[in-house]
Amino acid sequence: MHLTLEKLAPFLGSYYLVLAVMNAVFGYFLWEHKKNIRQAVFWTVVAGAFTIMASIAYSGQQKLMELVSLPEAFRGFVDGNLANPALYTIGTSAFLVTMFLFRKVLVQPVVAWGLLVLALLLMGLSMADVQFAEIVTKPDNVPIVAMVFLLGYFTWLATAQAVKNDERTARGEDPLEKLNNEKILVWPDLVYTELICMVAVTAVLTYWAVGLQAPLEDAASSVKTPNPSKAPWYFLGLQEMLVYFDPWMAGVVLPSTIVAGLMAIPYLDFNKAGNGYYTINQRKFAYLVFQFGFLELWVTLIILGTFLRGPNWNFFGPYEQWDAHKVVALNNVDLSQFFWLGLVGYMPKAPDGASEIAKFGWILWRELPGIIVVVSYLALLPPFLGLTIFRGFYKRMGLIRFMVMSNLLLMMMLLPIKMVLRWTINLKYLISIPEYLLNL
Amino acid sequence: MPNLGEVIRNSQIWKSIFRHPMPVDRRNRIVVMLTNFFLHLHPVSIKKQGIALSYTWCMGGVTFFLFLVETITGVLLMFYYRPTTEWAYMDILSLRDTASLGILRELHRWGAHAMVIAVWLHMYRVFLTGSYKPPREFNWVVGVVLLLLTLLLSFTGYLLPWDQLAIWAITVGSKMGAATPFLGAEGPGSMLLQVGSIPMITGASDARFGLLGARFVGEETLNRFYVLHCVAIPLAVALLLAIHFWRVRKDGGISGPL
């Protein structure tokens, strides 16, 4: 199935129409309930602009549609100059850090609304690009788009409450959640809320099921390998890790560590504050670690794996055609090669006819630089941290809990560290022992 | 002359089912929570804060509701579907083209995606409100297992349509079985496990073989995943859900500031 602008036109027209209605309602809300005339006029004008865009989009004509799409030059620039994993990761990290630092401004409803409209506008303009639309509208990718917007909304909702509570705490007041302390009966208040939730979910699900057919490709064939072969979308973060790690790490050790680490959270977080209400300032360390793990290392990798990884798992720009013949030069080098060939001038190798044990010794000798690095990272760094910057943690947690926490954190940091080493010095493996399938 | 509603509510049949008058006054609103099997999961009264939607997001409830939707649509789908390589794909095709209520598979598939998203959002909310802190540590652990089982439910279901999307996604996903340290044929250290010179861990005895029931995704895998998807994992989820809900009550009810 190949999309064309004509096929996209009805969808895009309706999309802008919905945006127009959304902004008109928001403008009316500001006028009626907030008595904010200037802002109401502004959002009504925005609604008018979207109405015009809708009528242009409904036309489906190439010439007119160019008015509601991103300029060719801009798309070419994004695909040609910005589309690589390093910039993507740096960009998303910078975006999240900015969001965090300026949270007090960003959580204001009008600012948040503006950001939402901008995001939806960018999405709409991008949808007029057939390549972009084809990937985003794949039936199994639709939930990921929904998840991105839901996560954005709920992150805003949580942050807005946390910011309010943090301001109150700074003034010496209780968090808002403590004010609403009166007891009410579960029937009718909670029971009816649940009923309404169920009806709403049923309605959304039915609408979704009627509107979008579940994907069904050709019958299974074990000889025709699709390119790219992708895991289900919620595992694409793990598949993305395969770029930087061998399957035993990306598919087994790191996922197990994620599960173990999640389970360990309540036993490692000794901070008694922030139990049962939204706050950031009272538990900044826990908050930042979790958000880094969840939003940056899990969600953005899923988005990357879904929308930007094409044939042969190559990185493609959002408007770039998925060309199976795209060639990306891979000249990655192991740490042992850096050390022995770069500094010493030869690679240690067991002499012919050496015994198994001697060969094993030679392998260890060859990989010694990497082994030293990894052992120091996982075994020596935690006590060092405990005596320096994490001294307070170490004192309050005790030896075992501190070692567990610092090792979990270091395991989590392995991924970004390996990413940066790959992008900067083309490092392939820290330890490379193909003889025992042990590459790290 | 009594109206029909009154006649029904005064009948012996009605009274044998609902053991109290309509919950319109305070007393009966309490009694209904105590005498109705489906409602007794709830407490009788609750802090107003505990049910504020901006606080709870209702995502745990949505996840549970979607689990029920998946169970019901799943049972209906089982009427039409035979888990064999000969029939599976054909049955899915005819499900789309000939079965009445032709959106069953859509409801099931989109419901599954929605459940994965809802369970993540539930975890997100519980973390952001610090609700895993004492005394709720253990229930967080149960929740993490439920999260994992939700992903496995979705993963095992992914294979059942038996189309290209299905077998290749599972082929990619199950590669990790082969890469398991020591227990996977392509995992580090597996060659160390040998008796004499006979390797213990091969493509026909390793972790992936255990998962797939064969060296490759095939007939045995389809059967294995079908049983996992329809029986084994749902049973485990149901048990853990019961514990999860029970512990919410026992650990002090829905979370809120202490």
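Here are some exercises on a predicted model of two protein chains, each with a worked solution.

Before you start: residues count from 1 along each chain as its sequence is written, and chains are lettered from A, and ligands numbered from 1, in the order in which they are written. In this predicted model local features need pLDDT of at least 70, side-chain atom pairs count only at pLDDT 80 or more, and totals for chains, interfaces and linings use all residues, while side-chain values use heavy atoms, with hydrogens and water left out.

**Exercise 1. Work out how many residues each chain gives to the contact and what area is buried between chain A and chain B.**

Step 1. Contact means heavy atoms within 4.5 Å. Chain A gives 91 residues and chain B gives 91 residues.

Step 2. Buried area is the accessible area (1.4 Å probe) that two parts lose on being put together, summed over both. Here that comes to about 8400 Å², with 73% from carbon and sulfur atoms.

Step 3. Of the area that chain A buries against chain B, 9% is supplied by W187(A), L216(A) and N275(A), more than any other three residues.

**Exercise 2. Find the polar and charged links between chain A and chain B, then see which elements of chain A touch chain B.**

Step 1. Take a salt bridge as a side-chain nitrogen of Lys or Arg within 4 Å of a carboxyl oxygen of Asp or Glu. Three salt bridges are counted between chain A and chain B. D269(A) and K133(B) meet in a salt bridge through their side chains, at 3.5 Å from N to O.

Step 2. For polar contacts, look for N or O atoms within 3.5 Å; within protein, one must be able to donate a hydrogen and the other to accept it, and residues adjacent in sequence count only if both atoms are side-chain atoms. The count is 40 residue pairs, both residues at pLDDT 80 or more.

Step 3. Helices (H or I, at least four residues) and strands (E, at least two) are DSSP runs numbered from the N terminus. Elements that each supply at least two residues to the side of chain A that touches chain B include helix 9 (142-170), strand 1 (183-185) and helix 13 (247-268). Helix 11 of chain A gives the largest share, 17 residues.

**Exercise 3. Trace how strand 1 of chain A pairs with chain B.**

Step 1. Two strands pair if DSSP finds at least two bridges between them. Strand 1 of chain A and strand 1 (residues 45-47) of chain B are joined by three bridges and run antiparallel.

Step 2. L185(A) has S45(B) as its bridge partner.

**Exercise 4. Locate a salt bridge within chain A that links distant parts of the chain.**

Step 1. Over all chains the count is 16 salt bridges. One of them joins the side chains of D129(A) and R75(A), at 2.5 Å from N to O.

Step 2. D129(A) sits in the loop between helix 7 (109-127) and helix 8 (130-136) of chain A, and R75(A) in helix 4 (residues 72-82), 54 residues apart.

**Exercise 5. Pick out the backbone exceptions at P228(A), P135(B) and L437(A).**

Step 1. Most residues other than glycine have a negative phi, and most peptide bonds are trans.

Step 2. The bond joining N227(A) and P228(A) is cis, with omega about 0°. Another cis bond runs from P134(B) to P135(B), with omega near 10°; P135(B) lies in the loop between helix 7 (104-128) and helix 8 (137-159) of chain B.

Step 3. L437(A), a residue other than glycine, has a positive phi near 60°. L437(A) lies in the loop between strand 2 (432-433) and strand 3 (438-439) of chain A.
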